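Q: Please give a close account of one part of the structure shown below, beginning with its local geometry and working outward to its surroundings. A connected description in formal terms would be most useful.

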Amino acid sequence: MIIKSVELMMTAGNASQYPETDFPEIAFAGRSNVGKSSLLNTLINRKNYARTSGQPGKTQTINFYAVNEANMLVDLPGYGYAKASKRERERWGKLIESFLLNRKQLKGIMLLIDIRHVPGQNDVDMFQWITHFGYECYILATKADKISRGKRQKHIADIKKALGLTDISRIIPFSSVEKLNRELVWEKIIELSNK
Ligand SMILES: Nc1nc2c(ncn2[C@@H]2O[C@H](COP(=O)(O)OP(=O)(O)OP(=O)(O)O)[C@@H](O)[C@H]2O)c(=O)[nH]1
Ligand SMILES: [Mg+2]
């Protein structure tokens with residue numbers, strides 16, 4: 001994918017702030033610190049355009065990035081942040097739910113799961129939420145550079161099992177450090193966007 005332009009259209013803290021564009025949107029969901037903002041930067045060939053951090057809970061708003069004035073990549077705030085208060089968790093739930101419920105432009109979701117970890121209850125809940133709302137979903141097994149090539153298939157099989165997936169091709173190993181499968185992820189984004 002050749003990136004000609006990227007524009008941060010909006011950082012939305014509530015539904016009234018979602019941009020009124022009609023570009024097809026693909027959203028990145030997942031636990032805090034799993035690498036959503038890093039994935040976005042890798043896809044758009046920038047180092048820190050979407051701000052990343054070693055501290056979980058960096059992205060707190062829904063951030064809309066228009067690419068080539070044609071596709072919208074949506075960086076969602078992460079869940080499962082240990083230090084989050086009950087109020088913050090409730091705010092997160094309302095924000096995500098209103099987005100999934102009402103967003104006509106949303107064509108699909110990439111659910112990110114750290115390749116090293118078996119999906120937790122939060123991940124399973126998120127996956128079921130996504131499918132319940134009827135969205136197409138790919139699982140990106142992130143930080144693949146952290147384990148050896150030989151071990152990746154075993155970890156992917158564990159993720160498949162925990163989520164109850166039938167189709168293993170729905171899980172894509174990914175690494176922002178190695179830019180592993182950057183083109184494949186773009187292919188899936190375009191495929192879902194054109195549906
Ligand atoms: N080794 C490795 N580290 C990564 C990779 N992707 C992200 N990281 C690191 O993981 C940390 C979190 O990355 P972010 O992209 O900020 O994670 P996030 O999912 O956006 O987190 P929140 O905004 O808190 O929800 C940072 O220190 C990144 O450098 C990867 O592919 N490989
Ligand atoms: Mg982030």
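A: In this predicted model, strands β3 and β4 form a hairpin with three residues between them. Within that turn, N68 has a positive phi of about 55 degrees. The two arms of the hairpin, β3 at residues 62-67 and β4 at residues 71-75, are antiparallel and are paired over five bridges. One of the facing pairs is V67 with N71, the latter in β4.

On its other pairing, β4 joins β2 in the parallel sense, over four bridges. Here E25 is the residue that stands opposite M72 of β4. Four of the five residues of β4 are buried, so this strand is largely enclosed by the rest of the structure.

The hairpin belongs to a wider arrangement. Seven strands make up an open sheet of mixed pairing, and their order is β1-β3-β4-β2-β5-β6-β7. The edges are occupied by β1 (6-12) and β7 (171-173); each has a single partner strand, so one side of each is left without a neighbour in the sheet. On average, and with direction ignored, neighbouring strands are turned by 25 degrees against each other. Strands of a sheet pair through backbone hydrogen bonds, in either a parallel or an antiparallel sense.

Beyond β2, the pairing continues into β5. Strands β2 and β5 run parallel and are joined by six bridges, with A29 standing opposite L111 of β5. Strand β5 in turn runs parallel to β6, to which it is joined by seven bridges. Two facing pairs illustrate this second junction: D114 stands opposite T142 in β6, and the bridge partner of M110 in β6 is Y138. Eight of the nine residues of β5 are buried, so β5 is largely enclosed by the rest of the structure. The corresponding count for β6 is five of the seven residues, so β6 is also largely enclosed.

These strands contribute to the interior. The largest nonpolar core has 43 residues, and those with the most contacts inside it are F28, V74, L111, L112, I139, L140 and A141. Strand β5 gives the most to this core, with six residues. In soluble globular proteins, nonpolar side chains tend to be buried together. F28 shows how the parts meet: residues up to four places away in sequence aside, F28 touches K36, L39, L40, V74, D75, L76, M110 and L112.

A helix lies over this part of the sheet. Helix α1 lies across β2 (25-30), β3, β4, β5 (106-114) and β6 (136-142), and runs at about 155 degrees to β4. Eight of the eight residues of α1 are buried, so the helix is largely enclosed by the rest of the structure. These buried residues are K36, S37, S38, L39, L40, N41, T42 and L43. They pack against β2, β3, β4, β5, β6 and also α5 (182-193). After α1 comes N45, whose phi is positive, near 60 degrees.

N41 has its place in helix α1 and merits separate mention. N41 is buried, with 21 other C-beta atoms within 10 Å; the cut-off for this class is 20 or more. Leaving aside neighbours within four places in sequence, N41 is in contact with R46, K47, N48, Y49, A50, T52 and S176. By contrast with these contacts, L165 is 28 Å from N41, C-alpha to C-alpha, at a separation of 124 residues in sequence.

Finally, helix α1 also bears on the ligand. Among the contributors to the shell around ligand 1, α1 (residues 36-43) gives the most, with three residues. Of the 24 residues around ligand 1, the nearest are G35, S38, T52, T59 and G78. One of these, S38, is among the buried residues of α1, and T52 is among the contacts of N41. By class, the shell around ligand 1 has 15 polar, five charged and four nonpolar residues.

Technical notes
Residues are numbered from 1 along each chain as its sequence is written. Chains are lettered from A and ligands numbered from 1 in the order in which they are written. This is a predicted model: local features need pLDDT of at least 70, side-chain atom pairs count only at pLDDT 80 or more; totals for chains, interfaces and linings use all residues. A residue is near a molecule or strand if its C-beta atom, placed from the backbone, lies within 6 Å of it. Ala, Val, Leu, Ile, Met, Phe, Trp, Tyr, Cys and Pro count as nonpolar, Asp, Glu, Lys and Arg as charged, and the others, Gly among them, as polar. Two strands pair if DSSP finds at least two bridges between them. Axes are lines fitted to C-alpha atoms, for helices over the stretch in contact, and angles run from 0 to 180 degrees between N-to-C directions. Two residues are in contact if their C-beta atoms, placed from the backbone, lie within 7 Å. A nonpolar core is a set of buried Ala, Val, Leu, Ile, Met, Phe, Trp, Tyr and Cys residues joined through C-beta atoms within 7 Å. A residue is buried if 20 or more other C-beta atoms lie within 10 Å of its own, exposed if 12 or fewer, and partly exposed in between; C-beta atoms are placed from the backbone.
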